[in-house]
Amino acid sequence: MPESRTANSDPEAEIYFEALGRGVILLQHCASCDRRQFPPRVHCIHCSGRELSWEEVGGAGTVYAKTVNRRAPEPAFEKFIPYVVALVDLDAGVRVMAQADCPAGDVVTAMRVNVFPDPAPVVGPGQLFVPEPAGPGAA
């Protein structure tokens, strides 16, 4: 079983990581300014409001930046080398980090992707992404 990150995370993040473990992406939503935020905090980063709730969001987004990892940070990642980790701007209005679930050469900056919770995380709940289909008639 993977090591749990939630035991060592900020209390505000426990709900987020627990949701990833269930296969759901949750973000905090501020009732005062109607904006979402990530990472989780005790107050809104946009208006300082404290009326925060959790909202399930989809994973559609755009790759903002990426890096190709050619060395494993720990032995559990060696089987993935080379692999891409990217910052993805979700359509929901936040930027998250996710690992590519496709060949490293298939990932380019500004490409459309779908982010989803990792169903078999190596070290704890995380997110993966795959390219969006090219459009009508895409295979």
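What share of the contacts in the protein with a separation of 6 or more is accounted for by residues 24 or more positions apart? In this predicted model, such residues account for 49% of those contacts.

**Overall layout and confidence**

The protein has 139 residues, of which buried residues make up 37%. Its secondary structure consists of one helix and eight strands, and from the N terminus on the elements run α-β-β-β-β-β-β-β-β. The mean pLDDT of the protein is 90, and 90% of its residues reach 70 or more. Over residues 1-6, however, the pLDDT is below 50, although this stretch has 15 contacts in the model beyond near neighbours in sequence. Where pLDDT is low, the predicted coordinates should not be read in detail.

**The barrel**

Five strands close into a barrel, in the order β4-β5-β6-β8-β7, and the pairing among them is mixed. From one strand to the next, the twist averages 50°. Within this barrel, strand β5 (residues 83-90) and strand β6 (residues 95-100) pair in the antiparallel sense over five bridges; Val 88, for instance, has Val 96 in β6 as its bridge partner.

Strand β6 also holds Gln 99. This residue has a relative accessible area of 14% and therefore counts as buried, the cut-off being under 20%. Leaving aside neighbours within four places in sequence, Gln 99 is in contact with Phe 77, Phe 80, Tyr 83, Val 84 and Val 85, and also with Gln 127, Leu 128 and Phe 129.

**The helix and what covers it**

Helix α1 spans residues 14-21, and in it Tyr 16, Phe 17, Ala 19 and Leu 20 are buried. These residues lie on the same side of α1, because they cover an arc of only 160° around the axis. What covers the buried residues of α1 includes the strands β1 (26-30), β3 (52-56), β7 (112-117) and β8 (127-131). After α1 comes Gly 23, whose phi is positive, near 90°.

**Aromatic pairs**

A pair of aromatic rings is described by the distance of the centres and the angle of the planes. With ring centres within 6.5 Å as the criterion, the count comes to five aromatic pairs, and two of them are set out below.

| Pair | Distance of centres | Angle of planes | Class |
|---|---|---|---|
| Tyr 16 and Phe 38 | 5.0 Å | 55° | tilted |
| Phe 77 and Tyr 83 | 5.9 Å | 25° | stacked |

The pair of Tyr 16 and Phe 38 links distant parts of the chain, since Tyr 16 is in helix α1 while Phe 38 is in the loop between β2 (36-37) and β3, 22 residues apart. Tyr 16 counts as buried because its relative accessibility is 5%, whereas Phe 38, at 22% relative accessibility, counts as partly exposed. Ring pairs also join these two residues with Phe 17 into a cluster of Tyr 16, Phe 17 and Phe 38.

For the other tabulated pair, are the partners buried or exposed? Both Phe 77 and Tyr 83 are buried, and their planes, at 25°, fall under the 30 degrees required for a stacked pair. Phe 77 and Tyr 83 are also among the residues in contact with Gln 99, which is itself buried.

Note on methods. Residues are numbered from 1 along each chain as its sequence is written. This is a predicted model: local features need pLDDT of at least 70, side-chain atom pairs count only at pLDDT 80 or more; totals for chains, interfaces and linings use all residues. Side-chain values use heavy atoms; hydrogens and water are left out. Two strands pair if DSSP finds at least two bridges between them. Helices (H or I, at least four residues) and strands (E, at least two) are DSSP runs, numbered from the N terminus. Axes are lines fitted to C-alpha atoms, for helices over the stretch in contact, and angles run from 0 to 180 degrees between N-to-C directions. pLDDT is the predictor's confidence in each residue, from 0 to 100. Contact means heavy atoms within 4.5 Å. Buried means under 20% relative accessible area, exposed over 50%, partly exposed in between (1.4 Å probe, protein chains only). The arc is that of the directions from the helix axis to the C-beta atoms. Rings of Phe, Tyr and Trp (its six-membered ring) pair if their centres lie within 6.5 Å; planes under 30 degrees apart count as stacked, over 60 as edge-to-face and the rest as tilted.
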